[in-house]
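Thanks for making time. I have one model to go through today, mostly its charged pairs and its sheet. Please look at it on the screen before I start.

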Amino acid sequence: MTRMARALSLGPGPAVLAFDVGGTDIKSALVDSAGSFSQVRRTPTTRGVDAARAITASLAELAS
C-alpha cells in the first residue's frame, strides 16, 4: 500500500534550502513559498572517522 503525503504550505516568504541527510546520500532542494521543489540533488554521504566534519562541509558546499 502506498501512502501519499499531504502537501504542506510554508506560507508567504522566501524560499528555503532543505536537506535530508541519510546514511547513503544527502538530498537537497530549494522549496518555494508554494511548496514547490527545485534544484533537487542527491550527493553521496561521506563515511569514515571524520564523517561529521565531511558532511558539514558538503552541506556548506551545497548551500553556496
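Arg 42 is exposed, with a relative accessible area of 61%. By that scale, buried means under 20% relative accessible area, exposed means over 50%, and partly exposed lies in between, with a 1.4 Å probe and protein chains only. A word on what you are looking at: this is a predicted model, in which local features need pLDDT of at least 70 and side-chain atom pairs count only at pLDDT 80 or more, while totals for chains, interfaces and linings use all residues. Residues are numbered from 1 along each chain as its sequence is written, and side-chain values use heavy atoms, with hydrogens and water left out.

What does the side chain of Arg 42 meet in a salt bridge? The partner is Asp 25, at 3.7 Å from N to O. The term here requires a side-chain nitrogen of Lys or Arg within 4 Å of a carboxyl oxygen of Asp or Glu. The pair links distant parts of the chain: Asp 25 sits in strand β2, residues 25–31, and Arg 42 in strand β3, residues 37–44, with their positions 17 residues apart in sequence. Strands and helices are DSSP runs, numbered from the N terminus, with E over at least two residues for a strand and H or I over at least four for a helix. Unlike the exposed Arg 42, Asp 25 counts as buried, at 13% relative accessibility.

The structure holds four salt bridges. In one of them, Lys 27 meets Asp 20 at 3.9 Å, N to O. Lys 27 is partly exposed at 29%, and so is Asp 20, with a relative accessible area of 41%. In another, Asp 50 meets Arg 53 at 3.7 Å, N to O. There, Asp 50 counts as partly exposed at 42%, and Arg 53 counts as exposed at 62%. As for how these connect, Asp 20, Asp 25, Lys 27 and Arg 42 are joined into one network by salt bridges that share partners.

Now the fold. The protein chain has one helix and three strands, and along the sequence the pattern reads β-β-β-α. The three strands make an open sheet with the order β1-β2-β3 and antiparallel pairing, where two strands pair if DSSP finds at least two bridges between them. Why is one side of β1 and of β3 left without a neighbour in the sheet? β1 (16–21) and β3 stand at the edges, and each has a single partner strand. The average twist from one strand to the next is 15 degrees.

Between β1 and β2 there are six bridges, in the antiparallel sense. Val 16, for instance, has Val 31 in β2 as its bridge partner. Helix α1, residues 51–63, packs on the sheet and touches β1, β2 and β3, and its direction makes about 150 degrees with that of β1. Axes here are lines fitted to C-alpha atoms, for helices over the stretch in contact, and angles run from 0 to 180 degrees between N-to-C directions.

Is Ser 28 buried or exposed? Ser 28, found in strand β2, counts as buried at 6% relative accessibility. Leaving aside neighbours within four places in sequence, Ser 28 is in contact (heavy atoms within 4.5 Å) with Ala 18, Phe 19, Gln 39, Val 40, Arg 41 and Leu 62. By comparison, Ser 33, in the loop between β2 and β3, counts as partly exposed at 33%. Ser 33 lies 8.2 Å from Val 16, C-alpha to C-alpha, and the two are 17 residues apart in sequence.

On the surface, Leu 17, Phe 19, Val 21 and Leu 30 form a nonpolar patch, with about 290 Å² of accessible area together. Patches take residues with over 30% relative accessible area and no salt bridge, joining like charges within 9 Å and nonpolar side chains (Val, Leu, Ile, Met, Phe, Trp, Tyr) within 5 Å. The areas come from the Shrake-Rupley method with a 1.4 Å probe, and for residues only the protein chains shown count as cover. β1 gives the most to this patch, with three residues. Val 21 lies in β1 and counts as partly exposed at 42%.

Last, the totals. Of the 64 residues in the protein chain, 16% are buried. The accessible surface comes to about 5300 Å², and 57% of that belongs to carbon and sulfur atoms. Among contacts with a separation of 6 or more, residues 24 or more positions apart account for 18%.
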